[in-house]
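Okay, thanks for squeezing me in. I'll put the structure up and then walk through it piece by piece.

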Amino acid sequence: MKDFRNVSFLISADRLRSLPVDSGAEVAFAGRSNSGKSSAINAITSRKGLARASRTPGRTQLINFFVFDDGTRLVDLPGYGFARVPEAIRRHWGKLIGEYLAGRDSLKGVFVIMDVRHPMTDFDQQLLNWCAQAGLPCHVLLTKSDKLSRGAATQVLFRVRKQLEELSGDLFTVQLFSATKAMGWDDARTRLARWLDPGGLEDESVAAH
């Protein structure tokens, strides 16, 4: 499997014209503020400080790009929802994310991060609707799954899977994840590798049909 540890910061951008050249392959991570997005990125890459986790929701206010040694990219999108930021900035984030998702040719898929205890908020569903309209596959990580019993977490997984099927058919997928207990790390890495590797994408498409 691809070694995700060989990754480094590339650039931060607060507008579309500042993004890297739209070529190659990249995968984005998006989620409501305080959903555990930064911790998930750090866990998947085995790089503790790659994405800066914070107790203050909304710390990620820019689109942050990281590049792997093969030139593919990981993209950390601004947290959305209940961030303690001015309304004007929140609107700017929403517009920026929407335009990025709709117009980025190199974007191969989106990891949508949801706290397993509070999944499928209105903000999550808005993001998923944007992706569905753009034909972008999404993989939902139900983070902090160690906070629930196995049975309760599995019930949430089944419920969210059904909701995703209603939204997109087989375009969206979901799994349980915990950054602190190493739950679901390998599954998430496999998904990320398939999206970043054109050959993996072809294999997945054939398998789906």
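**Starting from strand 6**

So, strand 5 and strand 6 run parallel as a pair, with six bridges between them. This is a predicted model, by the way, so keep that in mind throughout. If you want a spot to click on, M114 has L142 in strand 6 as its bridge partner. The link between these two strands goes through helix 3, and strand 5, helix 3 and strand 6 together form a right-handed β-α-β unit.

Now go to strand 7. Strand 6 pairs with strand 7 too, again in the parallel sense, over five bridges. Here V140 sits opposite V174 in strand 7. And there's another right-handed β-α-β unit, this one made of strand 6, helix 4 and strand 7.

How many residues of strand 6 are buried? Six of its six, so I'd call the strand mostly covered, buried being under 20% relative accessible area. In a regular strand, side chains alternate between the two faces of the sheet. For strand 6, both faces are covered: C138, V140 and L142 are buried on one side, and H139, L141 and T143 are buried on the other.

Next, the cores. The largest nonpolar core has 34 residues, and the ones with the most contacts inside it are L77, Y100, L101, V110, V112 and L142. Several elements each put in at least two residues, including strand 2 (26-31), helix 2 (87-103), strand 5 (107-115) and strand 7 (172-176). Helix 4 gives the most, with five residues. If you select L101 and leave out residues up to four places away in sequence, you'll see L101 touching L77, L107, V110, L127, W130, C131, A134 and L136. There's also a second core, separate from that one, with 23 residues, among them A25, V27, L141 and W195.

W195 takes us to helix 5. Quick sanity check on the geometry: helix 5 (residues 185-196) has 12 residues, and at 1.5 Å a residue they should span 16 Å. The end C-alpha atoms of helix 5 are 17 Å apart, which agrees. As for what's covered, A188, R189, R191, L192, A193, W195 and L196 in helix 5 are buried, and yes, that list has R189 and R191 in it.

Okay, cysteines. Why is there no bond between C131 and C138? The closest cysteine sulfur to that of C131 is in C138, 3.4 Å away, and that's too far for a bond, because the cut-off for a disulfide is 2.5 Å. Look at it from the C138 end and you get the matching picture: C138 is in no disulfide, with the C131 sulfur as its nearest at 3.4 Å. The disulfide count comes to zero. Both cysteines are buried, C131 at a relative accessible area of 0% and C138 at 1%.

Last thing, the backbone. Which residues might you want to look at on a Ramachandran plot? N34 has a positive phi of about 70 degrees, although it isn't a glycine. N34 is in the loop between strand 2 and helix 1 (37-45), and at 47% relative accessibility it counts as partly exposed. Then there's S46, also not a glycine, with a positive phi of about 55 degrees. S46 sits in the loop between helix 1 and strand 3 and is partly exposed, at 41%.

That's my tour, so over to you for questions.

How values were computed
Residues are numbered from 1 along each chain as its sequence is written. This is a predicted model: local features need pLDDT of at least 70, side-chain atom pairs count only at pLDDT 80 or more; totals for chains, interfaces and linings use all residues. Side-chain values use heavy atoms; hydrogens and water are left out. A nonpolar core is a set of buried Ala, Val, Leu, Ile, Met, Phe, Trp, Tyr and Cys residues joined through side-chain atoms within 4.5 Å. Buried means under 20% relative accessible area, exposed over 50%, partly exposed in between (1.4 Å probe, protein chains only). Helices (H or I, at least four residues) and strands (E, at least two) are DSSP runs, numbered from the N terminus. Contact means heavy atoms within 4.5 Å. The expected span of a helix is 1.5 Å times one less than its number of residues. Two strands pair if DSSP finds at least two bridges between them. A crossover is right-handed if, with the strands pointing away from the viewer, the path from the first strand over the helix to the second runs clockwise.
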